[in-house]
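Please open the model in your viewer and keep the selection tool at hand. The stops below are meant to be taken in order, one selection at a time.

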Amino acid sequence: MDLPPVNLAELLRHPDDLDKITTLKAEFMRKKAAVDSQLRSGLREQLETTQAGMNGLADGQRTVQQIKEEMMKIDKICSESQDMITDFATINLVSQAHRNFGAVETMRRNLETFSERLDAIDRMLHEDDEDPENMPNLLAIHYELTQLRNIRDDAIEQIQRGDDPGLQSTLEDYFSRLDKYIEWFDVNITLVAMSLINLVIADNNSLVVRFALIIEAEEKSDQRVLALQEALKDHKEMATRFQSITDGAKTVRGYKDKFLKAIRTFAEDQFKESKEKFLGDPDMLDKSLKWYFNDLNAVKIGMTPLMPKKWKIFKTWATIYHGLMHDYLIGLIDDPETSSAHTLAIISWPEAYYRKMTKLGMKQDELTPHVINNREAELVRDFRALIIKFLDEWIDRIYKQECKDFVDRNVEGGNLDQDEYGYFRTKNLVDLWRMLREQVDAAGNSKRADVVEGVIDAMFQRLRSRQQSWQKMLEDEAARYELQPPQGQPELDGFQPLQDWLVATANDQIACIDDNEDEGRMAYLSDFRRKFSALVSPQYMDRAETEIAALRDGYVDLSTWCMTKFAQLVFAVDFRTVMPDFFTSRWYTTNAMARMIATFEEYVSDYKMVLHHSLVDIFIEIFAEELLIRYLSSVRNKGAKFRRQDNFQDKIFDDLSTAFDFFNNLPNPDVGNAIKETWRVSEPFLQLLTVDKEAVPDAFAEFKSQYWDLQISWVEAVLRSRDDFERSMLNAVKARAAQMDVVRGPETIMSKVK
């Protein structure tokens, strides 16, 4: 039994595929168990067949040996009898002459009546042709033809011993008419053999029985010929003494083989019709093969009582039919004309096939080879791979178009869409989810959960990869603007369209997960889940829920990342010349915080109508957090120094007041309060700057107890920015840090301040 090799590299191409190991192991164990069962069954059957063959050979050898011994005894008795009987030579000569005379007389009579008997056969054959459904003369014709064939064979054999080629040619011409009627009779026998199923269904048992008698007689004749040929081939000198033993057929006529061949031909013709129906409609596999089981049922119920028991006609018929079914299905599998729909129908067929054969009395282990060579797993894998191939082609095509649209984003008027709410959207998201639904339908048409589950697994992986690809594409483009040197005029070509795309991408992510219960509209991901949930097993669905949750989190993360990147770009481009001035001498003479807040207000005003409503507050929170991080990190600016004579406390208070005024005027008070709570970190920051040198360790300890992830390197930068900084202050802070037993908690804003 040949099985396709398992390529683990193909099955485990991605790290996430490691989750499939348990499923794959179970599948391979089931597959191994099936193979082991088949091997045990095949081995048992092979041993039984071998043992039966060995027993048959042993019996045949004993029989041949007994014949040899009996013939030798006869030869010995004949030789001894010659010495026992007086005048034996004379008696033997007279007896032989008498036998020869009788044989010549019989041969003369047979030759004289040969033509007349052929005429009688001719009449009977014509009568049978006029009544093909009954063929009343079939048995009589067979008897007469057998007699005439024996006469011809005896005559030809005698002429051959006489070594007279001229006379042999004359005899062959004389007997030539016989071949015509033999062929005619063989046509009728083949016609009956091809019609046995219909005859049984029509309850024409008489013709079936007569046919069986003819085939059985011919089978016995062939066995006798083969046995005599085997017995006499090593004793040619004895064969000449016992010519009478070889009366009858001299050659094997093979009617039993013709009968079995007719069974195959009859079935092959029906398989051809079935193939045409099946290729025309993949759903017709079961109906197109209905005749198969009807035939076997007719053989089991109607034909078995009419045939010799030793033939085991039902098992013989079923074995022939099974072999043809195997060849038929394997041929379809390998036929380039068959589509994936045909392959799916074939994958599901063996289970129904063996169930029906079991009802007929043939167990699966009695039917070898397996009807499709145990290729279900291979075919499922191939079909699944085909769907995934189309899936990858679609996703690649969509992604390439998206990349092209992104590169061409500077076209006049932009190349983004807007949905019914006016939100920016990319153009291909709808096509992506429509394609995914179509591929789920294609997998669902297989009616096999393992196919659907494999395809859904691939979709989960592609959707995760798509999130990563989008983030990388946007991040690579954003780096062009973030990494520009602070000096000189910034490169702004494509900058504003990039911001639009960040907004559109964030909106797309929300569209994937935002179920609108008020309008009764499901998000793309929820609709996707609903579509495949009915097609997979409950066990798989448990695992799929984890994948759905991970995808949902990924969409949230990507939308948040887009807003964060938008804010970071604002600082990298709009505020690139402002941020380096904070906490330096220029800071005291400018109103940078007010300008930055005003700029951000313009951004919010410009984008709040095209940004999903759930992201507007998030965008504001992200900007406020980014502003706080940048503000606190400005202690590292070149030239940053806090001098007490400059009243830096008032300047910091002025900056904070400007920011808090903006937060207080936000449309959503909850968002404003949350932001202000985050900005409370400015209080311990100010403490680090203003307390006496001796109180710095205490101020640090208080700060650290509230913000456990406070970075010591940032604290050092703050201390160094004091105009009264001494090394002893930093050492005291580090000593206090070593003494503290900090309780870790949720991440705070200070984890992002480096």
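What follows is a short tour of charged residues in this structure, which is a predicted model.

**First stop: Asp527.** Begin by selecting helix α19, which covers residues 524-533, and look within this helix for Asp527. Is Asp527 buried or exposed? Its relative accessible area is 15%, and because the limit for buried is under 20%, Asp527 counts as buried. If you leave aside the neighbours within four places in sequence, the residues in contact with Asp527 are Arg437 and Met522. You may also select Trp433, whose C-alpha is 9.5 Å from that of Asp527, although 94 residues separate the two in sequence.

**Second stop: the partners of Asp527.** Now add Arg437 to the selection, and you will find a salt bridge between Arg437 and Asp527, with the closest N and O atoms 3.7 Å apart. Arg437 belongs to helix α16 (residues 429-444) while Asp527 belongs to helix α19, so this pair ties together parts that lie 90 residues apart in sequence. Arg437 itself is partly exposed, at 25% relative accessibility. Next, select Arg530, which also forms a salt bridge with Asp527, and here the closest N and O atoms are 2.6 Å apart. In this case both residues lie in helix α19, three residues apart, or about one turn of the helix. Arg530, with a relative accessibility of 45%, counts as partly exposed.

**Third stop: the loop before α19.** Move to the loop between α18 (495-513) and α19, and select Asp515 there. With a relative accessible area of 33%, Asp515 is partly exposed. Extend the selection to Asp514, Glu517 and Asp518, and together with Asp515 these residues form a negative surface patch.

**Fourth stop: Lys258 and Asp186.** How many salt bridges does the model hold in total? The count comes to 43, and another one to visit is the pair Lys258 and Asp186, whose side chains meet at 3.4 Å, N to O. Lys258 is placed in helix α10 (residues 255-280) and Asp186 in helix α6 (residues 176-194), so the salt bridge ties together parts that are 72 residues apart in sequence. When you compare the two ends of this pair, Lys258 is partly exposed, with a relative accessible area of 39%, whereas Asp186 is buried, with a value of 16%.

Terms used:
Residues are numbered from 1 along each chain as its sequence is written. This is a predicted model: local features need pLDDT of at least 70, side-chain atom pairs count only at pLDDT 80 or more; totals for chains, interfaces and linings use all residues. Side-chain values use heavy atoms; hydrogens and water are left out. Helices (H or I, at least four residues) and strands (E, at least two) are DSSP runs, numbered from the N terminus. Contact means heavy atoms within 4.5 Å. Patches are made of residues with over 30% relative accessible area and no salt bridge: like charges are joined within 9 Å, nonpolar side chains (Val, Leu, Ile, Met, Phe, Trp, Tyr) within 5 Å. Accessible areas come from the Shrake-Rupley method with a 1.4 Å probe; for residues, only the protein chains shown count as cover. A salt bridge is a side-chain nitrogen of Lys or Arg within 4 Å of a carboxyl oxygen of Asp or Glu. Lys and Arg count as positive and Asp and Glu as negative; His and the chain ends are not counted. The place of a charge is taken as NZ of Lys, CZ of Arg, CG of Asp or CD of Glu. Buried means under 20% relative accessible area, exposed over 50%, partly exposed in between (1.4 Å probe, protein chains only).
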